[in-house]
Amino acid sequence: MASGNTLVYFAVGRKPPPGLIRRFGDAHGLELIQVESRAEVLALLNRSFPACLVLDASVEPEPALELCSTIKGDAFTSIVPTVVLVADRMEGPGALPAAGLQAGADEVVSDLVSEEERSLRLELVLRRAARDVNVHPTTRLPGTGQIERDFAARMATGKRFAVCYADLDHFKEFNDRYGYNLGDSVIYLTSRILRDVVRSMAPGGFVGHIGGDDFIFNVPLDRLESVCDEVIQLFDELIPYQYTVEDRRAGYFLGKDRRGTVHRIPLMTLSIGVVTNLIQKFSHTAQVSELAAEMKTYAKTLPGSVYVVDRRGLAGTPPPGAPQNRAVDNRSAPPRPD
């Protein structure tokens, strides 16, 4: 499996990696992995996050450029640093480099320039990735920088969308009882549930990891209810198996609070606070994150795994297509502070 210390290379016809790529990988301590098909590239990127992906378009440009466009057009794979190699001899000056950039490549390396410049361009890709691509080390999901950019991009389109702030209930107590290693496993499991559900049920959706047990997922408004229902169902089905048989059967374990008082600690649940642009128009990304955090805090006051949607300001019956809250006694939002 590719990871942060791997360099993934793809070329049509199983062309071997050029010496430049081999030397670059060796210089940076990166394991070079050659994949043989478009499907294999996409499958690898969907389960891992390599340090860099190199698409060789020097022999057959179109398949590599099309694959680059697909990768960069997907919110889940677009954060992978991607380089396109081109041989610009048979096209007009700059035609293939321009095509590579139009396909979304982070860098285009042409054989018309010196090897020193090509090496420097590869080096800059890693530097920019280290500076700009913020991913969580456990989940490999985008961090706060990419989350904010996704907010801004959705606001700019004017389309209806939902921002969902998900938080695990009783995670700290689980971590204290079972240790950080199993705690990280729960965080990773949650990330996979969110990623797989959003990817399969909400094309164009996005999943990010704020940190700890806090996640953000953004989906088109018409997919909100089905996505949240599926996320909660999978979470409630899989999380009990992270406990011992005894704790799972009991449905709780005994734990102490900070004062040393013993309490029954329930199995973990998932609280999701949701804000949408159905009722209000957001003026800036900070407003989105603030309201989503407020809704998440309210959701955590309710029992079990729930999602609640901010519908404040909506008079009477919700308009057609408006998402409904999931089994929360019609308490769709906390009261606004005076």
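In the predicted model, helix 6 (residues 144-157) packs against helix 11 (residues 285-299) at an angle of about 110°, and their axes lie 9 Å apart. Because angles of 65 to 115 degrees count as roughly perpendicular, helix 6 is classed as roughly perpendicular to helix 11. The crossing of helix 6 past helix 11 is right-handed. On the side of helix 6, the residues in contact are E148, F151, A152 and M155, and helix 11 contributes T285, A286, V288 and S289. Sorted by class, this contact between helix 6 and helix 11 comprises 5 nonpolar, 2 polar and 1 charged residues.

A second helix pair is formed by helix 2 (residues 38-45) and helix 3 (residues 61-72), with an angle of about 20° between them and an axis separation of 11 Å. Since angles under 35 degrees count as roughly parallel, helix 2 is roughly parallel to helix 3. Helix 2 also passes helix 3 in a right-handed crossing. The residues of helix 2 that take part are R38, V41, L42 and L45, which meet E66, L67, T70 and I71 of helix 3. The class composition of the contact of helix 2 with helix 3 is 5 nonpolar, 1 polar and 2 charged residues.

The strands considered here belong to an open sheet of 5 strands, arranged in the order 2-1-3-4-5 with parallel pairing. In general, the strands of a sheet pair through backbone hydrogen bonds, in either a parallel or an antiparallel manner. Strand 2 (31-35) and strand 5 (107-110) are the edge strands of this sheet, each pairing on one side only. From one strand to the next, the twist averages 25°.

At the edge formed by strand 2, the pairing partner is strand 1 (residues 6-11); the two strands run parallel and are joined by 5 bridges. One residue pair in this pairing is L7, whose bridge partner in strand 2 is L32. Helix 4 (residues 95-102) packs on the sheet, where it touches strand 4 (82-86) and strand 5. The direction of helix 4 makes about 160° with that of strand 5. Strand 5, an edge strand of the sheet, is thus among the strands touched by helix 4.

Methods
Residues numbered from 1 in each chain as written. Predicted model: local features only at pLDDT ≥ 70, side-chain atom pairs only at ≥ 80, totals over all residues. Heavy atoms only, no water. Axes fitted to C-alpha atoms, helices over the stretch in contact; angles between N-to-C directions. Helix = DSSP H or I, 4+ residues; strand = E, 2+ residues; numbered from the N terminus. Parallel < 35°, antiparallel > 145°, perpendicular 65-115°, else oblique. Left-handed = near helix turned anticlockwise from the far one by under 90°. Contact = heavy atoms within 4.5 Å. Nonpolar A, V, L, I, M, F, W, Y, C, P; charged D, E, K, R; others polar. Pairing = 2+ DSSP bridges.
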